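These are my notebook entries on one protein chain and its ligand. I set down what I looked up, entry by entry.

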Amino acid sequence: MKIVAAMCDKSRGIGMSNGIPWPYLPGDDIYYRTLVAPKHQDQRTANIKGRLTWISTKEDESKAPGVINIVITSKPKESLIPTNVHYTCSSLEDAHQYALDCNIAEDDMWIMGGHDVYKAAIEHPFCSYLHLTRLFAEFETDTSFPPFEHQFKLTKDPEVHKENGIKYQFEVYERMKTYQ
Ligand SMILES: NC(=O)c1ccc[n+]([C@@H]2O[C@H](COP(=O)([O-])OP(=O)(O)OC[C@H]3O[C@@H](n4cnc5c(N)ncnc54)[C@H](OP(=O)(O)O)[C@@H]3O)[C@@H](O)[C@H]2O)c1
C-alpha cells in the first residue's frame, strides 16, 4: 500500500470543513492524478478512504476507470454519495484484504485519508511508501496529518515549486526497515 497526502509544513494541517484548506494548485493536482491513476487499460487500483474523505470526492474522480473504491465506515454502502463505492468495511485491515481479494498489487493500493486512516496506514507494515506534498504556507485547518517520521525516511531531495504564491514540494518517503 502507498499513502498519498498534502499537508501544511508547520501545522501539518490537511483539511478544513471537509474540504482542502488551500487554493487550487494545478501542479499538485496533475501530480496526484498521474500518481494514482491506473497506467494501462488492464490495470486496476484501489482507492481507500474514510467516509468524510469519500463524501468530499469529486463525482468524476469517483468514477475513474479501473479504480476500486473502498470506504472505511460504519454506514451502509447504499447511503454514501458519490454512489460508486465498491466495498465498505470497518478497518484498514479489511480494506487491504478486499484489495488483495481483487488481485490488486500492493503498489496499486492508495491510502487517501483522512486522519485516522492515515494513522492506521503509517503503522501498517504493508504500507511501504508515502507521497507527501508539503506546502510552505499555513491555512486554517481542522484535520491534521499524523506523525510519520518514526516509520518513514525521505528518499531524495525534492525540488521546490511555486503556484498561486504558494511554495510546495513533492516528497517521497519509504518505510524504514526494522530489525528484530
Ligand atoms: N490534504 C490531503 O491530502 C487530504 C486527504 C484526505 C482528506 N483530506 C481532508 O481531511 C478531512 C477528512 O478527514 P477526516 O479525518 O476528518 O475524516 P475521514 O477519515 O475521511 O472520515 C472519518 C470517518 O471514516 C470512518 N473511519 C475512518 N477511520 C476509521 C477507522 N480506523 N476505523 C473505523 N472507521 C474509520 C468513520 O466513519 P463512520 O463515522 O461512518 O463510522 C469516521 O467517522 C477533509 O477536510 C478532507 O478534505 C485531506
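**Entry 1: strand β1 and its partners**

I looked up the residue across from Ile-3 and found Ile-111 of β6 standing opposite. The model I am reading is a predicted one. I then asked how β1 and β6 run where they are joined, and I noted a parallel arrangement with two bridges.

On the pairing of β1 with β7, I recorded seven bridges, again in the parallel sense. One pair in this set is Val-4 with its bridge partner His-131 in β7.

Is β1 enclosed or open to the outside? I found six of its seven residues buried, so the strand is largely enclosed by the rest of the structure. For my own reference I added a rule: in a regular strand, side chains alternate between the two faces of the sheet.

**Entry 2: Arg-134 in strand β7**

I next located Arg-134, which belongs to strand β7, residues 129-135. Why does Arg-134 count as partly exposed? I counted 18 C-beta neighbours inside 10 Å; a residue needs 20 or more to be buried and 12 or fewer to be exposed, so Arg-134 falls in between.

I listed the contacts of Arg-134, leaving aside neighbours within four places in sequence: Met-7, Asp-9, Tyr-168, Gln-169 and Glu-171. I also checked Lys-10, whose C-alpha atom is separated from that of Arg-134 by 9.5 Å, although their positions lie 124 residues apart along the chain.

**Entry 3: the surroundings of the ligand**

How many residues surround the ligand? I found 28, and the closest are Gly-15, Gly-50, Thr-53, Gly-113 and Gly-114. I sorted the shell by residue type and obtained 10 nonpolar, 14 polar and four charged residues.

I then asked which elements supply at least two residues of this shell, and wrote down β1 (2-8), β2 (13-15), β3 (45-50), α2 (51-55) and α5 (115-122). The largest share, four residues, comes from α5.

**Entry 4: helix α5**

As α5 supplies part of the shell, I looked at its buried residues. They are Val-117, Tyr-118, Ala-120, Ala-121 and Ile-122. Among the elements that cover them I noted β1, β3, β4 (67-72), α4 (92-101) and β6 (109-111). I kept a general point beside this entry: an α-helix has 3.6 residues a turn, so residues three or four places apart point the same way.

**Entry 5: unusual backbone geometry**

I began with a reminder that most peptide bonds are trans and that most residues other than glycine have a negative phi. I then searched for exceptions.

The peptide bond from Gly-113 to Gly-114 is cis, with omega near 0 degrees. Gly-114 sits in the loop between β6 and α5, and both glycines are listed with the residues closest to the ligand. The bond from Ile-81 to Pro-82 is likewise cis, with omega near -5 degrees; Pro-82 lies in the loop between β4 and β5 (87-89).

For positive phi I noted Asn-103, near 60 degrees, in the loop between α4 and β6. Asn-103 is exposed because 8 other C-beta atoms lie within 10 Å. I also noted Asn-164, with a phi of about 50 degrees, in the loop between β10 (160-163) and β11 (166-175). Asn-164 has 12 C-beta neighbours inside 10 Å and therefore counts as exposed.

**Entry 6: Lys-153 in strand β9**

I placed Lys-153 in strand β9, residues 152-154. Is Lys-153 buried or exposed? I found 11 other C-beta atoms within 10 Å, so Lys-153 is exposed. Not counting residues up to four places away in sequence, Lys-153 touches Tyr-173, Glu-174 and Met-176. The C-alpha atoms of Lys-153 and Met-176 are 6.2 Å apart, with 23 residues of separation in sequence.

**Entry 7: the chain as a whole**

I counted five helices and 11 strands. The C-alpha trace spans about 45 × 40 × 30 Å along its principal axes. A compact globule with 180 residues would have a radius of gyration near 16 Å, so the 16 Å of this chain agrees. Buried residues make up 31% of the chain.

Finally, I consulted the unreviewed UniProt entry, which annotates residues 1-175 as "domain: DHFR". For that span I recorded 22% helix and 31% strand, with the end C-alpha atoms 11 Å apart.

Conventions:
Residues are numbered from 1 along each chain as its sequence is written. This is a predicted model: local features need pLDDT of at least 70, side-chain atom pairs count only at pLDDT 80 or more; totals for chains, interfaces and linings use all residues. A residue is near a molecule or strand if its C-beta atom, placed from the backbone, lies within 6 Å of it. Ala, Val, Leu, Ile, Met, Phe, Trp, Tyr, Cys and Pro count as nonpolar, Asp, Glu, Lys and Arg as charged, and the others, Gly among them, as polar. UniProt positions are given in the numbering used here, feature names are shortened, and annotations may be inferred rather than shown by experiment. Two residues are in contact if their C-beta atoms, placed from the backbone, lie within 7 Å. The radius of gyration is taken over C-alpha atoms; the globule rule is 2.2 Å times the number of residues to the power 0.38. Two strands pair if DSSP finds at least two bridges between them.
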